[in-house]
Amino acid sequence: MARVVVDVMLKPEILDPQGQAVQRALPRLGFEGIADVRQGKRFELEVEGPVGSDELARIHELAETFLANTVIEDFTVRVEEGARA
């Protein structure tokens, strides 16, 4: 088995109220010097068998149609190295 990770983030031009709330709270909690915070989602998919170009294309399609709202979000798909079960 292999693990494929899909990271989904709001596009840079989209406001991120959750990230802004975290950023505003950081100084009150003693964390200085953080200029910006963006909040996103991470999906970990355990894939049976090896992950080749066909499997990655399928997962890319899954991310594009189901995991991310591509109007306001960008996503990346990658195989996590050393994540064999």
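This is a short tour of a predicted model, with a suggestion at each stop for what to select next.

Begin by selecting the three strands β1, β2 and β3, which form an open sheet in the order β2-β1-β3 with antiparallel pairing. If you then colour β2 (40-47) and β3 (73-80), you will find them at the edges of the sheet, where each has a single partner strand, so one side of each is left without a neighbour in the sheet. Looking along the sheet, you may notice that neighbouring strands are turned against each other by 20 degrees on average, with direction ignored.

Next, select β1 (residues 2-10) together with β3, since these two strands run antiparallel and are joined by eight bridges. Within this pair, show R3, which stands opposite E80 in β3.

Now add helix α2 (residues 53-67), which lies across β1, β2 and β3 and runs at about 150 degrees to β3.

With the helix still in view, show the side chains of V4, V6, V8, V47, I59, A63, L67, A68 and F75, the nine residues of the largest nonpolar core. The elements that give two or more residues to this core are β1 and α2. Pausing on A63, you can look for its contacts with V6, A68, F75 and V77, a list that leaves out residues up to four places away in sequence.

Finally, move to P50, which sits in the loop between β2 and α2. Is P50 buried or exposed? Its relative accessibility is 67%, and because exposed means over 50%, P50 counts as exposed. To finish, select the C-alpha atoms of P50 and R3, which are separated by 9.8 Å although the two residues are 47 residues apart along the chain.

Terms used:
Residues are numbered from 1 along each chain as its sequence is written. This is a predicted model: local features need pLDDT of at least 70, side-chain atom pairs count only at pLDDT 80 or more; totals for chains, interfaces and linings use all residues. Side-chain values use heavy atoms; hydrogens and water are left out. Two strands pair if DSSP finds at least two bridges between them. Helices (H or I, at least four residues) and strands (E, at least two) are DSSP runs, numbered from the N terminus. Axes are lines fitted to C-alpha atoms, for helices over the stretch in contact, and angles run from 0 to 180 degrees between N-to-C directions. Contact means heavy atoms within 4.5 Å. A nonpolar core is a set of buried Ala, Val, Leu, Ile, Met, Phe, Trp, Tyr and Cys residues joined through side-chain atoms within 4.5 Å. Buried means under 20% relative accessible area, exposed over 50%, partly exposed in between (1.4 Å probe, protein chains only).
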